[in-house]
Amino acid sequence: MWAYFKFEFFQFIRNKKNIAIYVILLYFACYYALKIVPTYNPIEKVDVSEIEARYLPRAEFLNNVEIDKGTHYLTSFAVAIFSEWNEYDKARLDALKKHNMKEYAEATSKWYKYSDEMIFPDVMNVFYYNPGYYTYGNNYAKNDGHYAYLYSASRYKGYTEGKSNLSINVFEERTALQTLQRLLHSYLPLILIVSCILFTVDIVLKDRRNPTLLQGLPLSDWRKLIIKGGVSLLGSILTIIPLSVGLLIIGSRNGFGAFDLPVPIYSFGKDLFSNILMWEYLVQNMLFIIFWFLFIISLLLLVSVLLKNEFVNLLVGSMFVIAEFIYFERGLGAVRNIQWYPTSYVQVGQVISGYRNYLYGSEALTFGSGLTVMGLCTCIFLFFTFLISNQKKFKLL
């Protein structure tokens, strides 16, 4: 079996299609690091002018306002809340002037928590979140702002409790590891899953081009399929090599970050965040993505044996990637058991961080439930592949 594995692996790495995929991934990793990352402009950033634009008018108001029996109730309300708000903003400004990042993180955590407590329950729409959430006709701006402020409060609290070196790049999540975290929360899992599909679509059917070379091998079709699946899994995991080049470029420019940086995880039922360490978040994502690789590979092995058509393989694999975009709707999890659909877990980073639960209005999309669903589906696919591969009418060659 080891000799056949080496034979399949050497064929895999010499395949022009597979080489092209690695080259394309390398190109996009470098392009992203050199062109996209420098233009990254987060909504929540360290901006002295923005803080002063809030602090100074409020300070002027508090210094000149006089409260008496005839004062409008909204004026009294503003005095009551602006004092604490400005206390946090002043602490942030003073910390930045002293270059004391720990003090800035502590004051900023309190500022985000207090700001959300004032804005989110505000039925009169007197206060608003950062204007960045209200662009492009966003109908869920208040919900997005609420999530982002709670996320930021938890993140900055984690900075005060950790021992890693703090900087503006860390606060704005520009370091290499934090960029990887943001990519895992975005489209990187989709890119990796699509790469796995492209690696696997022809790994069985390519043998039709050299039937005489393989007919004499003393291996059953089932063992051949398992080895082919292992090669495809290894090839999919190796995509981290070209992608890591981009992270090295980002790290050399913005710093690499640290594995003990906090990553906020949202709990839907409690509407709050708790922090895990960066290394835990990355390990969970890696394990989840490997389960996705196993799911895709076992699915395409089954389809390859049944239908023997590369285009059909590509079509079936792609459907599992894009299916969630068809049925996704905010709040859908409250009325439908979306946690049983494997396609609901395609946004791996968002599932682990809890953001997908926030969008769906559910608490069932978790790391554990995702592994369970993906693992069960993989076992089912492999079981049927085993049964079918032992039938003469479905012989590989």
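This is a guided tour of one protein structure, with suggestions on what to select at each stop.

**The whole chain**

Begin with everything displayed, and keep in mind throughout that this is a predicted model. The protein has 17 helices and two strands, and its C-alpha atoms fill a box of roughly 95 × 45 × 35 Å when that box is taken along the principal axes. Of the 397 residues in the protein, 49% are buried, while the area that the protein exposes comes to about 20000 Å², with carbon and sulfur atoms supplying 64% of it. If you turn on contacts and keep those between residues at least 6 apart in sequence, 74% of them join residues at least 24 apart.

**Helix 1 and its aromatic rings**

A search of the whole structure finds 42 aromatic pairs. Select Trp 2 and Phe 5, whose ring centres are 5.6 Å apart and whose planes meet at 10°, so that the pair counts as stacked. Both residues belong to helix 1, which covers residues 2–14, and they sit three residues apart, about one turn of the helix. Trp 2 itself is exposed, having a relative accessible area of 60%.

Now select Phe 12 together with Phe 199, which form a tilted aromatic pair with 5.2 Å from centre to centre and 55° between the planes. This pair links distant parts of the chain, since Phe 12 is in helix 1 and Phe 199 is in helix 9 (residues 188–200), 187 residues apart. Are these two rings buried or exposed? Phe 12 is buried, with a relative accessible area of 3%, and Phe 199 is buried as well, with a value of 0%.

**A cluster of rings, and Tyr 133**

For the next stop, select Tyr 104, Trp 111, Tyr 112, Tyr 129, Tyr 149, Tyr 156, Tyr 159 and Phe 171, which ring pairs link into a cluster.

From Tyr 149, move to Tyr 133, which it touches. Tyr 133 is found in the loop between helix 5 (101–119) and helix 6 (141–161), and although it is in a loop, it is buried, with a relative accessible area of 10%. Show its surroundings and, leaving out residues up to four places away in sequence, you will find that Tyr 133 touches Ile 43, Glu 44, Asn 138, Ala 141, Asp 144, Gly 145 and Ala 148 in addition to Tyr 149. To get a sense of scale, draw a distance from the C-alpha atom of Tyr 133 to that of Phe 259, which lies 126 residues away along the chain; the separation is 29 Å.

**The nonpolar cores**

Which residues touch the most other members of the largest nonpolar core? In this core of 92 residues, they are Trp 85, Phe 171, Phe 288 and Trp 292. Helix 13, spanning residues 278–307, gives the most to this core, with 16 residues. Select Trp 292 and display its contacts: setting aside neighbours within four places in sequence, they are Ile 193, Phe 320, Pro 342, Tyr 345, Val 346, Val 348 and Met 374. Another core, of eight residues, lies apart from the largest one, and its members include Leu 150, Phe 273, Tyr 355 and Leu 359.

**Two residues with positive phi**

Most residues other than glycine have a negative phi. Select Asp 271, which is not a glycine and yet has a positive phi of about 55°. Asp 271 lies in the loop between strand 1 (262–267) and strand 2 (272–277), and at 30% relative accessibility it counts as partly exposed.

Next select Lys 308, another residue other than glycine with a positive phi, in this case near 55°. Lys 308 is found in the loop between helix 13 and helix 14, and with a relative accessible area of 27% it is partly exposed.

**A nonpolar patch on the surface**

Finish by switching to a surface view and selecting Tyr 187, Ile 191, Phe 311, Leu 314, Leu 315, Met 319, Ile 322, Phe 325 and Ile 326, which together make a nonpolar surface patch of about 920 Å². Which helix supplies the largest share of the patch? Helix 14, residues 310–327, does so with seven residues. Phe 311 lies in helix 14, and its relative accessibility of 58% is why it counts as exposed.

Terms used
Residues numbered from 1 in each chain as written. Predicted model: local features only at pLDDT ≥ 70, side-chain atom pairs only at ≥ 80, totals over all residues. Heavy atoms only, no water. Patch = residues over 30% accessible without salt bridge, like charges linked within 9 Å, V, L, I, M, F, W, Y side chains within 5 Å. Areas by Shrake-Rupley, 256 points an atom, 1.4 Å probe, with all protein chains shown as cover. Salt bridge = Lys/Arg side-chain N within 4 Å of Asp/Glu carboxyl O. Helix = DSSP H or I, 4+ residues; strand = E, 2+ residues; numbered from the N terminus. Buried < 20%, exposed > 50% of the residue type's maximum accessible area, 1.4 Å probe, protein only. Core = buried A, V, L, I, M, F, W, Y, C linked by side-chain atoms within 4.5 Å. Contact = heavy atoms within 4.5 Å. Phe/Tyr/Trp six-rings, centres within 6.5 Å; stacked < 30°, edge-to-face > 60°.
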